[in-house]
Amino acid sequence: MDLPYLEAHLHWNYTPSTGKISLAYRAKQSSQGWIAWAINPSRAGMVGSQALVAFRNTNGSMTAYPTSITSYSPSLLPGSLSFHVSNISAEYLDNEMTIFAVLGPLEDVTTVYHVWQAGSTVLNNIPQSHPLSPPNLQSTGTLSLLSKK
């Protein structure tokens with residue numbers, strides 16, 4: 001699905017019998033920037049989100065990891081989420097970054113809030129704050145897991 005902001009796309013498959021989501025989140029980005037996609041299990045918005053972050057490391061390889069967003073000034077350091085994440089990886093190709101992962105099982109969930117983001121700076125392998133422009137602030141939505149619309 002094409003997301004309405006930040007030239008981003010979400011490719012996903014939800015398997016109800018296992019409660020798992022296989023996903024690829026893809027967004028236009030420079031090699032110096034970073035991208036993130038997240039589920040917020042409790043409400044719309046950034047704070048409380050369980051995020052997947054990716055960027056190009058100082059050695060040139062892609063780095064991808066989970067992190068919890070607990071404030072409007074998150075550290076964006078690797079951390080654990082409220083649900084299991086497996087097979088997380090990332091690639092950079094043709095000025096786009098893509099995060100791949102399997103999330104779950106997610107218990108008794110059919111609709112989730114999701115947010116996505118992009119920033120232009122990574123310092124010492126730590127993503128820095130994203131812009132506060134309208135597209136960045138509007139990058140939220142809901143995702144119905146049982147029907148692809």
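User: Starting with Arg 26, what does it count as in terms of accessibility?

Analyst: This is a predicted model, and in it Arg 26 comes out at 23% relative accessibility, so it counts as partly exposed. Buried would need a value under 20% and exposed one over 50%.

User: Okay. Which side chain does Arg 26 meet in a salt bridge?

Analyst: Glu 96 is the partner, with 3.1 Å from N to O. Arg 26 sits in strand 2 (residues 20–28) and Glu 96 in strand 7, so the pair ties together parts that are 70 residues apart in sequence.

User: Why would two side chains pair up like that?

Analyst: Side chains of opposite charge can pair when their charged atoms come close.

User: How many salt bridges does the count come to?

Analyst: One salt bridge.

User: You brought up strands 2 and 7. What order do the strands have in that open sheet?

Analyst: The order is 1-2-7-6, an open sheet of four strands with antiparallel pairing. The edges are strand 1 (8–15) and strand 6 (85–93), and each of those pairs on one side only. On average, neighbouring strands here are turned by 10 degrees against each other, direction ignored.

User: How many bridges are there between strand 6 and strand 7?

Analyst: Seven bridges, in the antiparallel sense, with strand 7 covering residues 96–103. If you want a spot to look at, find Tyr 92: its bridge partner in strand 7 is Met 97.

User: Switching topic. Where's the largest pocket, I mean, which residues are closest to its centre?

Analyst: Look for Met 46, Ile 69, Pro 74, Gln 117 and His 130, which are the closest to the centre out of 26 lining residues. The volume of this largest pocket is about 500 Å³.

User: And which elements give two or more residues to the lining?

Analyst: Strand 3 (34–40), strand 8 and helix 1 (134–137) do. The largest share comes from strand 3, with four residues.

User: How does the lining divide into nonpolar, polar and charged?

Analyst: There are 15 nonpolar residues, 11 polar ones and no charged ones in the lining of the largest pocket.

User: Tell me about strand 8. How many of its residues are buried?

Analyst: Seven of its nine residues are buried, so strand 8 is mostly covered. Strand 8 is joined to strand 3 by seven bridges, and the two run antiparallel. One place to see that is Ala 38, which stands opposite Val 115 in strand 8.

User: How many bridges join strand 8 to strand 11?

Analyst: Five bridges, with those two strands also running antiparallel. Strand 11 spans residues 140–144, and its Leu 143 has Val 112 standing opposite.

User: What about backbone oddities? Which peptide bond is cis?

Analyst: The one from Gly 104 to Pro 105, with omega near 20 degrees. Pro 105 lies in the loop between strand 7 and strand 8 (111–119). For background, most peptide bonds are trans, and most residues other than glycine have a negative phi.

User: So what's the phi of Glu 7?

Analyst: Near 50 degrees, a positive value in a residue other than glycine. Glu 7 is placed in the segment before strand 1, and with a relative accessible area of 55% it is exposed.

User: And Asn 124, where's its place?

Analyst: Asn 124 is in the loop between strand 9 (122–123) and strand 10 (126–127). Its phi is near 50 degrees, again a positive value in a residue other than glycine. At 71% relative accessibility, Asn 124 counts as exposed.

Terms used:
Residues are numbered from 1 along each chain as its sequence is written. This is a predicted model: local features need pLDDT of at least 70, side-chain atom pairs count only at pLDDT 80 or more; totals for chains, interfaces and linings use all residues. Side-chain values use heavy atoms; hydrogens and water are left out. Two strands pair if DSSP finds at least two bridges between them. Axes are lines fitted to C-alpha atoms, for helices over the stretch in contact, and angles run from 0 to 180 degrees between N-to-C directions. A salt bridge is a side-chain nitrogen of Lys or Arg within 4 Å of a carboxyl oxygen of Asp or Glu. Buried means under 20% relative accessible area, exposed over 50%, partly exposed in between (1.4 Å probe, protein chains only). On a 1 Å grid over the protein atoms alone, a cavity is a set of points where a 1.4 Å probe fits but cannot get out, and a pocket is an open set with protein on both sides within 12 Å along at least five of seven lines; lining residues have an atom within 4 Å of a point. Grid points are joined across faces, edges and corners, and a volume is the space filled by probe spheres set on the points. Ala, Val, Leu, Ile, Met, Phe, Trp, Tyr, Cys and Pro count as nonpolar, Asp, Glu, Lys and Arg as charged, and the others, Gly among them, as polar.
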